[in-house]
Amino acid sequence: RESEGSGDHTAKAKPPTRPRLAITGSLRFPSQLGPNLRRMMYRPIPTPSSRRSVISDSRSMLVRVACAFGLVAVVALCTIRGSNLQAPIRSQKIGGVNRASRAGLRNLKLPGAYFEGAAPVNTKGSMTETYQRSLDTLGANFHKKISILGSTGSIGTQTLEIVDTHPDKFKVVGLAAGSNVQVLADQIAKYNPEIISVLDASKVDELKSILSAKGVKKLPEILTGPEGAVEVAKYGDAETVVTGIVGCAGLLPTIAAIKAGKDIALANKETLISGGPVILPLLKEYDTKCIPADSEHSAIFQSIQGVPPGGLKKIILTASGGAFRDWDAKDLHKVKLEDALKHPNWAMGAKITIDSATLMNKGLEVIEAHYLFGTPYDDIDIVIHPQSIIHSMIETSDTSVIAQLGWPDMKLPILYSITWPYRMPMPWESLDLIKLGQLTFKAPDNKKYPCMDLAYAAGRTGGSMTTALNAANEQAVEMFRQHKIGYLDIPKVIESVMEGHKNEVVNKPSLDDILNTDNWAREFAETYKSTELVV
């Protein structure tokens with residue numbers, strides 16, 4: 001800046017120095033913008049006394065003009081970015097439920113994520129953490145102590161198959177199960193955990209009897225009920241907790257594990273769908289990592305490794321299409337429970353298989369991807385990929401598309417969730433593209449799969465609406481399995497719950513708000529009266 005002097009405009013002007021622009025505090029100050037620019041543009045300039053001072057003053061004026069326009073550009077950009085971080089625009093409706101218009105963000109394509117998600121990506125700190133862990137886990141240095149929530153289910157048993165392949169690399173610290181004490185007893189005898197939990201307390205005596213018959217003399221600490229799973233989650237020196245408990249029941253144990261400083265291998269998508277607003281701050285507060293263990297989000301996580309902050313443009317989730325991908329929509333009224341349980345590619349539990357049939361699983365994955373990777377809903381797409389070989393893709397800001405491919409087997413994403421960023425050698429069959437022959441894709445049918453639109457609508461509404469969506473879906477699927485409602489009633493139950501909750505949405509829910517919404521949504525769903533012929 002030049003000296004303004006004390007009113008003597010004939011004073012010799014000082015040579016202009018490099019201009020500096022410092023902005024502190026909030027960048028939203030439209031009321032101050034005008035006066036600030038006027039001061040910069042119209043500040044008195046000393047009268048030149050020589051040609052040299054004329055040149056100096058001219059340069060100074062140009063510098064002021066450049067700074068002024070630079071300030072306008074910075075304020076405009078920050079204001080635009082800020083506006084996209086606020087509450088979603090709600091202009092369309094789906095069956096009475098408010099749905100956000102895509103126009104806002106589509107009109108302005110800014111690369112990269114808009115907030116720091118649960119997964120360790122998209123930030124300078126996460127890249128540094130990944131690099132450091134890579135160096136710390138080279139070859140023989142790798143060893144991991146783990147606990148498994150839902151050990152007798154699909155995720156739990158496949159995790160233990162990985163342990164069987166490399167027993168020298170893993171130590172099982174704790175196991176939490178439901179009521180299958182026969183399988184749990186086999187696991188206790190084989191892996192010798194320090195602590196276990198059984199959801200059904202009435203099964204403890206049977207468990208002890210089976211263990212005695214197996215000759216197990218040293219029993220682990222045995223706990224029961226939901227509280228037992230919480231204790232297993234936070235117990236001892238386990239470094240990673242695999243969360244394989246189905247549904248919202250996995251939320252409290254996951255929170256306990258985070259507060260105990262343990263990394264999360266997240267196979268329970270409902271944890272973020274229902275509790276994302278609570279989970280994200282806790283991960284940051286306790287400096288723990290959340291690594292996705294389901295196939296789609298693991299594919300995204302693997303694909304984004306090495307992509308610098310701001311480089312992620314779009315997420316593309318692939319879907320098999322479920323049990324009814326080859327059915328005409330007009331025939332869905334004929335669906336029986338056994339039809340919905342026949343997944344063409346994956347071997348999974350009953351609940352997730354039915355979610356796949358309705359494509360609600362993909363809608364829930366959209367919400368989970370939003371919380372995991374900090375990506376706006378308008379930048380998360382779904383594509384039907386019947387072969388289930390490409391498990392998901394990302395598009396970077398330069399339009400490159402990166403995908404993760406593999407046979408449809410859950411063990412690979414589970415493995416990476418407990419070994420990240422180390423790549424552990426495994427004796428599995430390699431993917432053979434020649435043997436595979438072709439990969440095909442098509443757009444999902446929104447009329448055939450109405451649950452997708454409901455999930456997007458809930459996500460854009462945000463707050464406690466995603467909790468209501470998830471609880472309604474869980475309850476609707478359970479009612480379908482009990483033959484209380486028909487297959488086509490499932491989205492109707494969910495929509496009715498969302499409609500009932502739309503005026504009660506909590507924008508920044510606490511844990512109590514989330515649990516209360518979950519309970520209310522389940523009770524409300526139970527009041528639905530089916531108009532379909534239940535078969």
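The paragraphs below lead through a predicted model, beginning with one enclosed helix and moving on to cores, aromatic rings and charged pairs.

A good place to start is helix α11, which spans residues 295-304. Ten of its ten residues are buried, so the helix is largely enclosed by the rest of the structure. These buried residues are Ser295, Glu296, His297, Ser298, Ala299, Ile300, Phe301, Gln302, Ser303 and Ile304, a list in which the reader will find charged and polar side chains alongside nonpolar ones. What covers them includes the strands β9 (290-292), β10 (312-319), β12 (390-396) and β13 (401-405), together with the helices α14 (360-373) and α15 (411-419). After α11 comes glycine 306, which has a positive phi, near 90°.

One of these covering elements, α14, can be followed in more detail. The axes of α11 and α14 lie 10 Å apart and make an angle of about 35°, and α11 passes α14 in a right-handed crossing. On the side of α11 the contact is made by Glu296, His297, Ile300 and Phe301, while α14 contributes Lys362, Glu365, Glu368, Ala369, Leu372 and Phe373. To read such a list it helps to recall that an α-helix has 3.6 residues a turn, so residues three or four places apart point the same way.

Phe373 of α14 leads on to the largest nonpolar core, which has 87 residues and in which Phe373, Leu469, Phe480 and Ile494 touch the most other members. Helix α18, running over residues 465-481, gives the most to this core, with nine residues. Which residues does leucine 469 touch, once its neighbours within four places in sequence are left aside? Leucine 469 is in contact with Met360, Leu364, Ile367, Leu454, Ala455, Ala458, Ile494 and Met498. There is also a second, separate core of 33 residues, and among its members are Phe142, Ile162, Ala177 and Ala267.

Aromatic rings are the next topic, and the count here comes to eight aromatic pairs. In one of them, the rings of phenylalanine 301 and tryptophan 420 have their centres 5.9 Å apart and their planes at 55°, so the pair is tilted. Phenylalanine 301 belongs to helix α11, whereas tryptophan 420 sits in the loop between α15 and α16 (433-436), and the pair therefore links distant parts of the chain, 119 residues apart. Both phenylalanine 301 and tryptophan 420 are buried. Another pair, phenylalanine 480 with tyrosine 487, is edge-to-face, with 6.0 Å from centre to centre and 65° between the planes. These two residues, phenylalanine 480 and tyrosine 487, are buried as well, and they form one aromatic cluster with Phe324 and Trp327.

The charged residues give another view of the model. In general, side chains of opposite charge can pair when their charged atoms come close. In this model the count comes to 27 salt bridges. Lysine 411 and glutamate 161 form one of them, at 3.6 Å from N to O. Because lysine 411 lies in helix α15 and glutamate 161 in helix α5 (residues 154-165), the pair ties together parts that are 250 residues apart in sequence. Lysine 411 is buried, with a relative accessible area of 15%, but glutamate 161, at 39%, counts as partly exposed.

A further salt bridge joins the side chains of glutamate 270 and lysine 351, at 3.2 Å from N to O. Glutamate 270 is in helix α10 (residues 270-285) and lysine 351 in helix α13 (residues 350-358), so this pair ties together parts that are 81 residues apart in sequence. Are the two partners buried or exposed? Glutamate 270 is buried, with a relative accessible area of 5%, and lysine 351 counts as buried at 13%. In the salt bridge between lysine 330 and aspartate 328, at 3.9 Å from N to O, lysine 330 is exposed, with a relative accessible area of 60%, and aspartate 328 is partly exposed at 43%. Salt bridges with shared partners also join Lys313, Lys314, Asp381 and Glu395 into one network.

The last stop is threonine 254, which is placed in helix α9 (residues 251-259). Threonine 254 counts as buried, at 2% relative accessibility. Apart from its neighbours within four places in sequence, threonine 254 is in contact with Thr243, Ile264 and Thr271. Its C-alpha atom is separated by 9.2 Å from that of leucine 149, although the two residues are 105 residues apart along the chain.

Technical notes: Residues are numbered from 1 along each chain as its sequence is written. This is a predicted model: local features need pLDDT of at least 70, side-chain atom pairs count only at pLDDT 80 or more; totals for chains, interfaces and linings use all residues. Side-chain values use heavy atoms; hydrogens and water are left out. Buried means under 20% relative accessible area, exposed over 50%, partly exposed in between (1.4 Å probe, protein chains only). Helices (H or I, at least four residues) and strands (E, at least two) are DSSP runs, numbered from the N terminus. Contact means heavy atoms within 4.5 Å. A nonpolar core is a set of buried Ala, Val, Leu, Ile, Met, Phe, Trp, Tyr and Cys residues joined through side-chain atoms within 4.5 Å. A salt bridge is a side-chain nitrogen of Lys or Arg within 4 Å of a carboxyl oxygen of Asp or Glu. Rings of Phe, Tyr and Trp (its six-membered ring) pair if their centres lie within 6.5 Å; planes under 30 degrees apart count as stacked, over 60 as edge-to-face and the rest as tilted. Axes are lines fitted to C-alpha atoms, for helices over the stretch in contact, and angles run from 0 to 180 degrees between N-to-C directions. A crossing is left-handed if the near helix is turned anticlockwise from the far one by less than a right angle, and right-handed if clockwise.
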